[in-house]
Every structure is written in structure tokens, then in C-alpha cells.
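Me: I've got a model open and want to check the labels people put on it. Can you take my questions one at a time?

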Amino acid sequence: MLRSTVVALKKGWTHNPGQTRRGGKNLAWRPKIRPATLDAFVPLTLVHPRRHPNSWHARQFNLLGYTTWPKEIGFYNAGDNFEITPETAWKLYEKCSNELFWTKLHNEKTIIIMIPKVEKEPDAYMSRVNHVFRHHLKRFGADHFIYNAVMQAAAFAKDFALCEQLFKEMDTLGLEPNAQTYVNMMLAAKLCGLPRDKCEAYFVEGIQKEMIPSVLRIDTEFQMWMDQLDRLGSFTSGKGYLSVNEEGAKPMPKDMFALWGWHRSESKFVSRDKIIKEQVRSRVHGGKEMVGTVFTKALRRPWALYNGMLPFDFRGPAYRRPTSFKDAPSFGTQRTGKAY
């Protein structure tokens, strides 16, 4: 009697899972990774940027010289960007607004950071916005930065009369309203519940003065802008991007190895030393370089850089003690508790 040929089935092999002759590997029978090993890594679905053990992120945070702050002062939001609170922005303005390093953009940024509080408590915070406005006019003079910022704050405070007053003042001072100005007026009219015709009048004026680009029919473009403002919403409404109050506040970023560019040499988080040197370089040599030439910025050629593994890719970032400012004076008269 002839013996029949049978396929030897064993763990790790299937009978015939696909187009192969002898059967392929069945991953269901392969040995699993231990949960302890798996928990040491960020989710395995992430392919870019490179996966790193979770314990390396805190080490990289310390290595770069960053420090954690109480949540009442500043935190990393859901987008892993450092964000200071409106109260902190106001305290910094009070302390530094007359310093030499304080610029027009600092005043604008102070108002923009306070806008969520402006909408929720307009009586308390619009006085602060007006204080920044007067200080800016006294020190720097009138410009688009401050007028657009105050107009946007007034829009969220639902004070359309103030927005119109600022709009007319710009015309009187010879500041031609730009695209941001017209969008602010459309936003103010929408948040104040004014008729749609009011928004459309400012939109048409912006197109006629060639401040707002238009490639479609005007009514189609206007509808697209209104839809976008609907998606934006506001800080106190129940819908829109701005209505999301889950700040995702964290003492340090979730991914310290994130990139802003193409290569790991263009990382999002760089050392404090590098940041300070870059700012010093821009202030010392500001305006001296040949603007608008190939010498303005370094040529980005990450494909020419070494892309292999280095020792710290295996061993992780070097250990460094957390940065702390023990000699700094206490923040204000009221001590804040630990936020995390």
C-alpha cells in the first residue's frame, strides 16, 4: 500500500494562505512581543517621525534645556506648541512694555492671547486691550498691527460700534485697510448678529479695493468666506473650532523628536542655546545681509546629510539634570500650586 503524501503542518506555517507553493508565515502563530516591551514605545502605527521609547522624551526635554512651568503660567497645548495664559501675557506686558526689546509685535501678540478672555469677560479685559492700544500709539505710533488686533478683540467683545470707529480712524490716519481689516469687520458683523448684507458690503469693498483676492463669482466667494467663519465659530458658542475648550495642557510635549521640515536636522524642538544664538545673530546682523539673494538663508539640502544611525539613536539622549530657575523671584505676590 502506497503512503499518501501529506503536508506537515506545524506552528508558524499555514496550509496554503496565498499564492505561495509551500505556504507563508502565519503571524497568528508567531510569538508575540511582551506587553512590557510594547509599552516602552509610542503607538506602532506611527511611521514618521521615527519611533522612540517613551522614556527618551523626558531625557530629550532636559537635554535641550527646557523647563516645565505651572499650568497657570504656560503649557504645551494639543498641538505640542508652548502657550502662555492670558494672565501671564498681561503680566509680561506690564513688566516689559517699556523695555528696549519690546516691539510692535509683542503688543499685538498680547492682545491676541487675551482674546478668549475678552469674549468671556469683555468688561474686565477690554480695558486691558485699550491700555495696550494707548501704549502702542504713544511708543510706536499708529500701524496696521495694533489697529487690526484691537479691531479683532472688539469683534469678539461684540462691540461693532468700536470696530466701525477704528475702521474710520484708519482711513483718517492714512492707513489703508488691508485684507485682515475687512475680514475683521465681516467677523464683527457676524458675531454681533447683524444682517448678512452688512458683511457683504465690507467684502465687496475689500474686493473693489483689491485687498481681498477673488477668482470666482463674488456671491460664491462671499458664501465661501461665510462658511469659513461658521466653521471658526467663537470661544463661547457651541460650535466651531474656537468652541473646543479641551486645551490638552501638558507640562512637556508628547513628541520631543517631531520635525518641522524634511530631515531630523530640521527638528521642531531645538536647544535653548541654539535659540538664543539665533536671536542674537538676527539682531546683530539684522538688515546687513543681502536680502532677496541666495545668501539670505542657508540652502536646505537634507538629502545630502547623513541619514544613518548614530550612537544616540541606540542609547538615547544624554542624561542632563532638569533646568530650573531657583534664583528667580517668585511670580507675583500670589504663589501658584503645582499644576501637574
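Reply: Sure, here are the labels and the values behind them. Ground rules first: this is a predicted model, local features need pLDDT of at least 70, side-chain atom pairs count only at pLDDT 80 or more, and totals for chains, interfaces and linings use all residues. Residues are numbered from 1 along each chain as its sequence is written, and side-chain values use heavy atoms, with hydrogens and water left out.

Me: Why is Asp80 called buried?

Reply: Buried means under 20% relative accessible area, exposed over 50%, and partly exposed in between (1.4 Å probe, protein chains only). Asp80 has 11%, so it counts as buried. Asp80 sits in the loop between S1 and strand S2 (82-84), and its phi is near 60°, a positive value in a residue other than glycine.

Me: And what makes Glu210 buried or exposed?

Reply: Its relative accessible area is 71%, so Glu210 is exposed. Glu210 is in the loop between H9 and H10, and it too has a positive phi, about 60°, although it is not a glycine.

Me: What about Trp69, in the loop between helix H2 (55-63) and strand S1 (74-76)? Why is Trp69 called partly exposed?

Reply: Its 35% lies between the two limits, so partly exposed is the right label.

Me: Which residues make a nonpolar surface patch with Trp69?

Reply: Phe82 and Phe325 join Trp69 in a patch of about 290 Å². Patch residues have over 30% relative accessible area and no salt bridge (a side-chain nitrogen of Lys or Arg within 4 Å of a carboxyl oxygen of Asp or Glu). Nonpolar side chains are joined within 5 Å. The 35% of Trp69 is over that 30% limit, so Trp69 qualifies on area.

Me: What makes something a nonpolar core here?

Reply: It's a set of buried Ala, Val, Leu, Ile, Met, Phe, Trp, Tyr and Cys residues joined through side-chain atoms within 4.5 Å. The largest one has 46 residues, and Ile111, Val118, Met126 and Val129 have the most contacts inside it. H6 gives the most to this core, with nine residues. A second, separate core of eight residues includes Trp56, Phe61, Leu64 and Met256.

Me: How do you know which residues Val129 touches?

Reply: Contact means heavy atoms within 4.5 Å. Not counting residues up to four places away in sequence, Val129 touches Ile111, Met114, Val118, Val150 and Ala153.

How values were computed
Helix = DSSP H or I, 4+ residues; strand = E, 2+ residues; numbered from the N terminus. Patch = residues over 30% accessible without salt bridge, like charges linked within 9 Å, V, L, I, M, F, W, Y side chains within 5 Å. Areas by Shrake-Rupley, 256 points an atom, 1.4 Å probe, with all protein chains shown as cover.
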